[in-house]
Protein chains: 2
Amino acid sequence: MPVGQDAKRPRTRIQQRNRDLILGAALEVFSTHGFRGATLDQIATEAGLSKPNLLYYFPSKEAIHNELLSGLMDTWLDPMRALKSSGEPIGELLAYVDRKLEMSRLYPRESRLFANEIVQGAPRILEALKGDLKELVDEKVAVIRDWTKQGKIADVHPYHLIFSIWSLTQHYADFDVQVRAVLGDEEPYDAAPAYLREIFLKILTP
Amino acid sequence: MPVGQDAKRPRTRIQQRNRDLILGAALEVFSTHGFRGATLDQIATEAGLSKPNLLYYFPSKEAIHNELLSGLMDTWLDPMRALKSSGEPIGELLAYVDRKLEMSRLYPRESRLFANEIVQGAPRILEALKGDLKELVDEKVAVIRDWTKQGKIADVHPYHLIFSIWSLTQHYADFDVQVRAVLGDEEPYDAAPAYLREIFLKILTP
DNA sequence: CCTTCCTTTGACCGACTGGTCAAATACTGG
DNA sequence: CCAGTATTTGACCAGTCGGTCAAAGGAAGG
């Protein structure tokens, strides 16, 4: 690890650049092969650095992966955090769906990194799921339950409603190749946002 | 490869048993680590056989994986094939959702094997996706379009409707750990079937 | 019993894995 | 320019990877 660095912020411009290079390359490789399937040589090549140079900036393969995941968990939940209890219920939830779908469109590699981790049993982030994630979801579920009680939205199971949103939005990032393979070249690929807005409107309308 | 075997059906009872052992172990290992993350030693240990013995029944690691995938593709599409154009439209589609969800419940490892493959870019089954899968989907989409034209179901995008069904049902197998982590111990895990039936009824009702 | 064929395995191979290290190189402030 | 620090790398290591092979063990019919 670089000397002038106590496990956090990079100091120099060169450190910043190389850390970014490494994390970018690692995101690419981890998201396409999973943790065990990815190799340091691949990441190094992708980053345009030598393998020992990689390990000068990060102490191990797992450290790179952890850095990606913990950095991800934060921004990944932002769309949900932005769900305000004060807003108009259906509009708030549809906006959440939009944000989540936009997230999948802009950051498909991050989505697949996460998907890989979960599908493979989430050995490295299970605690975060049971902790921070569950806490945030519980909080928003309370809001949704309130809206239901007030008759503002339909009485659907709040947890499973949230799972639906995650599932449907991330599907377009995680299963992208399948979606493209099935749609072929003629069918429009970008009908997803309108479709999702339409069905969630139906689901949520009392 | 066993001598009395021309690339297909096992002959003796011992071949049958060992092939089953290997494929079962391989399913377990591949579905939790992906193709590259899985090792022959792991599979051998899981199967209770030695590694050279594994390679007596299958020529390579990839051959085992291929066998699993091609065997899977077939049964995985059965629920969709069973969707009959002659039935009552909404009932047929809801029954399809049910079958698909039941599939995820009964065969989560198969679902995760498939998910792993797709998330990682489907390098080994892309052709099957563009071929058999697309063909079957196109056929069923035609049926759905017909139902829509007759006003039997709501006018929703047929391809994306199918993606929704896949996404939502498989989510409970592929993201099982996340679902369980978020639900915790108090919330009921088995509300999914009723929830899905409810929302798809809303989506499909004209 | 012996022969024949199916099955299993220990020892081994070259390639690759994550990771180390000392030495070389670039960069910085004085 | 120089000293000191930050960065980079070639050579290397022990362990693991997928896969081979010759030889041993097992079953079954004659």
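A residue counts as buried here when its relative accessible area is under 20%. With a relative accessible area of 3%, A:V97 falls under that cut-off and is therefore buried. Keep this idea in mind as we walk through the structure, which is a predicted model.

## Chain A as a whole

Let's start with the overall picture of chain A. It contains eleven helices and zero strands, so its pattern along the sequence reads α-α-α-α-α-α-α-α-α-α-α. The C-alpha trace of chain A spans about 60 × 45 × 30 Å along its principal axes. Of its 206 residues, 53% count as buried. Contacts can also link parts that lie well apart in the sequence: among the contacts in chain A with a separation of 6 or more, 66% come from residues 24 or more positions apart.

## Two domains and their contact

The domain assignment divides chain A into domain 1 (13–68) and domain 2 (77–204). Their contact takes eleven residues from domain 1 of chain A and eight residues from domain 2 of chain A. The C-alpha centres of these two domains of chain A lie 29 Å apart. Which three residues supply 51% of the area that domain 1 of chain A buries against domain 2 of chain A? They are A:L27, A:S31 and A:H65, and they supply more than any other three residues.

The size of an interface is often given as the accessible area lost when the parts come together. Between domain 1 and domain 2 of chain A, the buried area is about 880 Å². Carbon and sulfur atoms give 57% of this area.

## Following A:V97 to helix α11

Now back to our opening residue. A:V97 sits in helix α6 of chain A. Which residues does A:V97 contact, once its neighbours within four places in sequence are left aside? The answer is A:I165, A:T169, A:L196 and A:F200. By comparison, A:F114 is 17 residues from A:V97 along the chain, and their C-alpha atoms are separated by 18 Å.

Two of those contacts, A:L196 and A:F200, appear again among the buried residues of α11(A). The complete set is A:A192, A:Y195, A:L196, A:I199, A:F200, A:I203 and A:L204. These residues cover an arc of only 150 degrees around the axis, which puts them on the same side of α11(A). What covers them includes α6 and α9 of chain A, together with α9 and α11 of chain B.

## Helix α8 in both chains

Here are three helices and their lengths, to check against the rise of 1.5 Å a residue.

| Helix | Residues in helix | End-to-end C-alpha distance | Expected span |
|---|---|---|---|
| α8(A), 126–149 | 24 residues | 32 Å | 34 Å |
| α8(B), 126–149 | 24 residues | 32 Å | 34 Å |
| α11(A), 192–204 | 13 residues | 18 Å | 18 Å |

Helix α8 of chain A has a kink of about 35 degrees centred on A:K134, and α8(B) bends by about 35 degrees at B:K134. Both of these lysines are buried: A:K134 is listed among the buried residues of α8(A), and B:K134 among those of α8(B). Other buried residues of α8(A) include A:L129, A:L133, A:V137, A:I144 and A:W147.

What packs around this helix? In chain A, the cover of the buried residues includes α4, α5, α6, α7 and α9 of chain A, together with α10 of chain B. In chain B, the buried residues of α8(B) pack against α10 of chain A, together with α4, α5, α6, α7 and α9 of chain B.

One residue of α10 in chain B is B:D176. Leaving aside neighbours within four places in sequence, B:D176 is in contact with B:H171 and B:Y189.

## Backbone turns beside α8

Most residues other than glycine have a negative phi. On the approach to α8, A:A122 lies in the loop between α7 and α8 of chain A, and its phi is positive, near 50 degrees. B:A122 is found in the loop between α7 and α8 of chain B, also with a positive phi near 50 degrees. Are these alanines buried or exposed? A:A122 is buried at 0% relative accessibility, and B:A122 is buried with a relative accessible area of 0%.

On the other side of the helix, glycines appear. A:G151 follows α8(A) with a positive phi near 75 degrees, while B:G151, just after α8(B), takes a positive phi of about 75 degrees.

Methods:
Residues numbered from 1 in each chain as written. Chains lettered and ligands numbered in written order. Predicted model: local features only at pLDDT ≥ 70, side-chain atom pairs only at ≥ 80, totals over all residues. Heavy atoms only, no water. Helix = DSSP H or I, 4+ residues; strand = E, 2+ residues; numbered from the N terminus. Expected span 1.5 Å × (residues − 1). Bend = angle between axes of the 7 residues up to and from the residue. Buried < 20%, exposed > 50% of the residue type's maximum accessible area, 1.4 Å probe, protein only. Contact = heavy atoms within 4.5 Å. Arc of directions from axis to C-beta. Domains from an automatic or database assignment. Buried area = accessible area lost by both parts, 1.4 Å probe.
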